[in-house]
Amino acid sequence: IRNVDGIIVMSQSPNDDTFIAHLVTEKIPLVVLSREVVNHQVTTVLSDDIAGANQLTKFIIGQGHREIAIIEGKPEFRSSSKRKQGFLNAHFEAGMEFDPEYAVKGKYDVESGYAAMQHILSMKKRPTAVFCSNDEMALGAMKAIKQQEIPMPDGISIAGFDDMGFTAYLTPALTTVLRPVEEMSKEGAQILINKIERGEAPQKELIHLDTKLVIRDSIKKLD
């Protein structure tokens with residue numbers, strides 16, 4: 001690795017910490033994208049997932065929904081807990097109770113979204129809306145809903161997170177949260193260049209970039 005000037009690490013889980021620790025030990029300039037690294041002096045650029053999930057959940061609540069389920073992401077991913085935190089904060093701020101039964105585990109993939117939604121649809125008291133912690137799980141969830149011939153959003157509303165390229169082309173088009181991945185990459189690259197040119201010592205720094213609520217057709221306004 002020594003013949004590189006610096007490295008940008010796109011990290012999703014603590015599995016990357018050994019590699020990151022090696023780079024720090026070797027004094028190789030680095031910037032981590034997408035995940036806060038707790039145990040090392042590194043600069044991290046990430047999206048403000050708490051604020052994004054909070055804004056989306058507030059929008060769902062503002063459309064009249066009171067029974068809202070969440071399909072969570074991988075438990076070992078920090079983004080999963082942050083998105084759930086934002087979701088729960090919105091309930092608290094609205095003075096609403098959250099039924100723990102409405103929290104269903106997922107794995108950030110299509111298959112787990114499909115399985116989680118099957119479970120949600122089997123509930124005695126079915127929620128009126130479901131917040132999927134990423135768009136891939138929302139895609140799987142929508143398949144489960146369609147298989148049971150439940151209309152969307154009239155029968156059940158659904159939202160995602162990430163604003164991946166396909167979300168505008170789903171039926172209904174998916175309401176979601178845009179993560180500024182391109183901005184994160186540009187910001188991370190500029191910070192890394194500055195570190196290399198200035199020979200800066202490693203420091204713990206968290207840079208949060210704003211997310212954006214993208215409202216489409218998948219959340220029904222209740223009377």
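Which loop is Pro 172 found in? Keep that in mind as we go; this is a predicted model, and we'll walk through it one selection at a time.

**Stop 1: two cis prolines**

Select Pro 172 and you land in the loop between E7 and strand E8 (176-178). Now add Thr 171 to the selection: a cis peptide bond joins Thr 171 and Pro 172, with omega at about 0 degrees. Most peptide bonds are trans.

There is another such bond to visit. Pick Met 152 and Pro 153, which are also joined by a cis peptide bond, again with omega of about 0 degrees. Pro 153 sits in the loop that runs between helix H5 (135-147) and strand E7 (157-159).

**Stop 2: positive phi**

Go back to the loop between E7 and E8 and click on Asp 162. Asp 162 is not a glycine, yet its phi is positive, at about 125 degrees. Most residues other than glycine have a negative phi. Is Asp 162 buried or exposed? Its relative accessible area is 17%, so Asp 162 counts as buried, because the cut-off for buried is under 20%.

Next, jump to Lys 27, in the loop between helix H1 (17-25) and strand E2 (30-33). Lys 27 has a positive phi too, near 60 degrees, and it is a residue other than glycine. With a relative accessible area of 68%, Lys 27 is exposed.

**Stop 3: the sheet with E1**

Color strands E1, E2, E3 and E9. These 4 strands form an open sheet in the order E1-E2-E3-E9, and the pairing is parallel. Which strands stand at the edges? They are strand E1 (7-10) and strand E9 (205-209); each has a single partner strand, so one side of each is left without a neighbour in the sheet. Direction ignored, neighbouring strands of this sheet are turned by 20 degrees against each other on average.

Zoom in where strand E3 (residues 43-47) runs parallel to E9: 5 bridges join the two. For a landmark, select Ser 47, which stands opposite Leu 209 in E9. Then switch on helix H6 (residues 181-198), which packs on the sheet and touches E1, E2, E3 and E9. The direction of H6 makes about 165 degrees with that of E2.

**Stop 4: the sheet with E5**

Now color E5, E4, E6 and E7. Here 4 strands form an open sheet with parallel pairing, in the order E5-E4-E6-E7. The edge strands are strand E5 (103-104) and E7, each of which pairs on one side only. How many bridges join strand E4 (residues 68-71) to E5? There are 2, and the two strands run parallel. Try selecting Ile 70 to find Ala 103 of E5 opposite.

Two helices are worth showing alongside. Helix H2 (residues 49-62) lies across E4, strand E6 (129-132) and E7, running at about 170 degrees to E6. H3, for its part, lies across E4, E5 and E6, at about 170 degrees to E4.

**Last stop: Ser 79**

Stay with helix H3 (residues 78-93) and select Ser 79. What is Ser 79 in contact with, leaving aside its neighbours within four places in sequence? Asp 49 and Tyr 108 are the residues to show. The relative accessibility of Ser 79 is 12%, so it counts as buried.

Key. Residues are numbered from 1 along each chain as its sequence is written. This is a predicted model: local features need pLDDT of at least 70, side-chain atom pairs count only at pLDDT 80 or more; totals for chains, interfaces and linings use all residues. Side-chain values use heavy atoms; hydrogens and water are left out. Buried means under 20% relative accessible area, exposed over 50%, partly exposed in between (1.4 Å probe, protein chains only). Contact means heavy atoms within 4.5 Å. Two strands pair if DSSP finds at least two bridges between them. Axes are lines fitted to C-alpha atoms, for helices over the stretch in contact, and angles run from 0 to 180 degrees between N-to-C directions.
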